[in-house]
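Reader: I am new to this structure and would like a close look at a single part of it. Please start with one residue and then work outward in one connected answer.

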Amino acid sequence: MFNWTERPASALANGAVIAPDERLPWLQTGAMGVQHVIAMFGATVLAPILMGFNPNIAILMSGIGTLIFYFVTGGKVPSYLGSSFAFIGVVIAASGYAGKGPNANIAVALGGIVACGVVYILIGAIVQAIGTGWIERFMPPVVTGAVVAVIGLNLAGVPVKNMAAGNFDAWMQAVTFLCVGLVAVFTRGMLQRLLILVGLILATLVYAALTNGMGMGKPMDLSGIANAAWFGLPTFTAPVFTANAMLLIAPVAIILVAENLGHLKAVTAMTGRNLDPYMGRAFIGDGIATVVSGAAGGTGVTTYAENIGVMAATRIYSTAVFVVAAVIALVLGFSPKFGALIQAIPLPVMGGVSIVVFGLIAIAGAKIWVDNKVDFSQNRNLIVAAITLIVGTGDFTLKFGDFALGGIGCATFGAIILYALLGRSRN
């Protein structure tokens, strides 16, 4: 499994493609591993912060999850696993999280995340046994595009309503997404690839100058960073299993299937290698990683589009790079000082970044429609997409006794059921 064929460093200068079962010399492989950690960093720490989870544990579990994924797929699928944004809406709903500080009901949410991982594993086992055709029939591009878009749109109220306490904070959110936009448009290379992280750093510097320097808002408190130890065990939390939380969060497995399916199709297109035979293993690996993460106090995980983007830019698909990145994440997860640094980021800055990230998720759904040439002149597609978007964005909720299925859940199942019910339509 670790028998990668070594390619010389000169292969980079010649523009060669490094295949999943190949690797560069360890020095270059290590550098690429660091790059992948940087690429996943922003989203992997942002998601737990938005849910009131410990970002140190999220980073730690992303490393463990990536290694689990590597072994379950036999080292054949190059992917990094990080915190999934698909969980944010349902975790907030299940735990009643207000958007600030640690989540007091994290244990209940963790039970739901573990349940979701179990469902995901079962789906993977079915795919491994009979193939992926049934998933693609139930979740064509019009459905997956709408569901992905809803993930971002449903979360829009979190940064707008809960992460700006006053007018100054709202302006700082605007400054933040402007910084991200400037980096995205006017930089090139890796700076452009790291638009979220670089934009966040720039906005934090502006915030510090205006607050600590000019007294215009709540100043940044860096004492936690100075007092934190360099290394130490993070605080783990055990899950608590309740029917409501499990029924609310477990359906996210459908969204994770859609994400993972799309990511593997993208890697297949880039590498020229058919990864369909490993689809079931990929689902199982991601599911096991989600169970392990939830059992320790971490977020649910998914394969990361950010790291697929890095592979596309570098044309280096070596799975050895992801093993290195996972080990680096493990080390960072055991650093309280690293966690204190994350916690010191001003809430309005995180809010501005959240606006960008949630918007990008929504646009990713629309991109699925464009890339797959979804025909909206067909009423079937038009109705499915229209209803799904409004149900999800408006947080339409259906109650079954004590159980409530919120906007993302209703949108996901509604899109699948609507598409099936309208299947006989000719227009």
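Author: Valine 331 has a relative accessibility of 45% and so counts as partly exposed. On this scale, buried means under 20% relative accessible area, exposed means over 50%, and partly exposed lies in between, with a 1.4 Å probe and protein chains only. The model is predicted: local features need pLDDT of at least 70 and side-chain atom pairs count only at pLDDT 80 or more, while totals for chains, interfaces and linings use all residues. Residues are numbered from 1 along each chain as its sequence is written, and side-chain values use heavy atoms, with hydrogens and water left out.

Valine 331 belongs to helix H17, residues 319-333. Helices (H or I, at least four residues) and strands (E, at least two) are DSSP runs numbered from the N terminus. On the surface, Val331 joins Trp230, Phe231, Leu233, Phe236, Val327 and Phe334 in a nonpolar patch, with about 780 Å² of accessible area together. Patch members have over 30% relative accessible area and no salt bridge; like charges are joined within 9 Å, and nonpolar side chains (Val, Leu, Ile, Met, Phe, Trp, Tyr) within 5 Å. The areas come from the Shrake-Rupley method with a 1.4 Å probe, and for residues only the protein chains shown count as cover.

Another helix residue, alanine 296, sits in H15, residues 279-296. Its relative accessibility is 12%, so alanine 296 counts as buried. From its C-alpha atom to that of phenylalanine 376, 80 residues away along the chain, the separation is 44 Å.

Next comes helix packing. Two packed helices are described by the angle between their axes and the distance between the axes. Helix H11 (residues 195-213) and helix H19 (residues 347-371) have axes that come within 9 Å and cross at roughly 150°. Axes are lines fitted to C-alpha atoms, for helices over the stretch in contact, and angles run from 0 to 180 degrees between N-to-C directions. H11 and H19 are therefore roughly antiparallel; the classes are under 35 degrees for roughly parallel, over 145 for roughly antiparallel, 65 to 115 for roughly perpendicular, and oblique for the rest. Their crossing is right-handed, meaning that the near helix is turned clockwise from the far one by less than a right angle, whereas anticlockwise would be left-handed.

H11 also meets helix H9 (residues 167-186): these axes come within 8 Å and cross at roughly 140°. H9 and H11 are therefore oblique to each other, and their crossing is right-handed.

H19 also holds a charged pair. The structure has 1 salt bridge, defined as a side-chain nitrogen of Lys or Arg within 4 Å of a carboxyl oxygen of Asp or Glu. Aspartate 371 pairs with lysine 367, and the closest N and O atoms are 2.7 Å apart. Because these two residues are 4 residues apart in helix H19, about one helical turn separates them. Aspartate 371 is partly exposed at 46% relative accessible area.

Lysine 373 lies in the loop between H19 and helix H20 (379-393). Its phi is near 50°, a positive value in a residue other than glycine, and lysine 373 is exposed at 71%. Aspartate 395 is in the loop between H20 and strand E5 (398-400). Its phi is near 55°, also positive in a residue other than glycine, and aspartate 395 is partly exposed at 42%.
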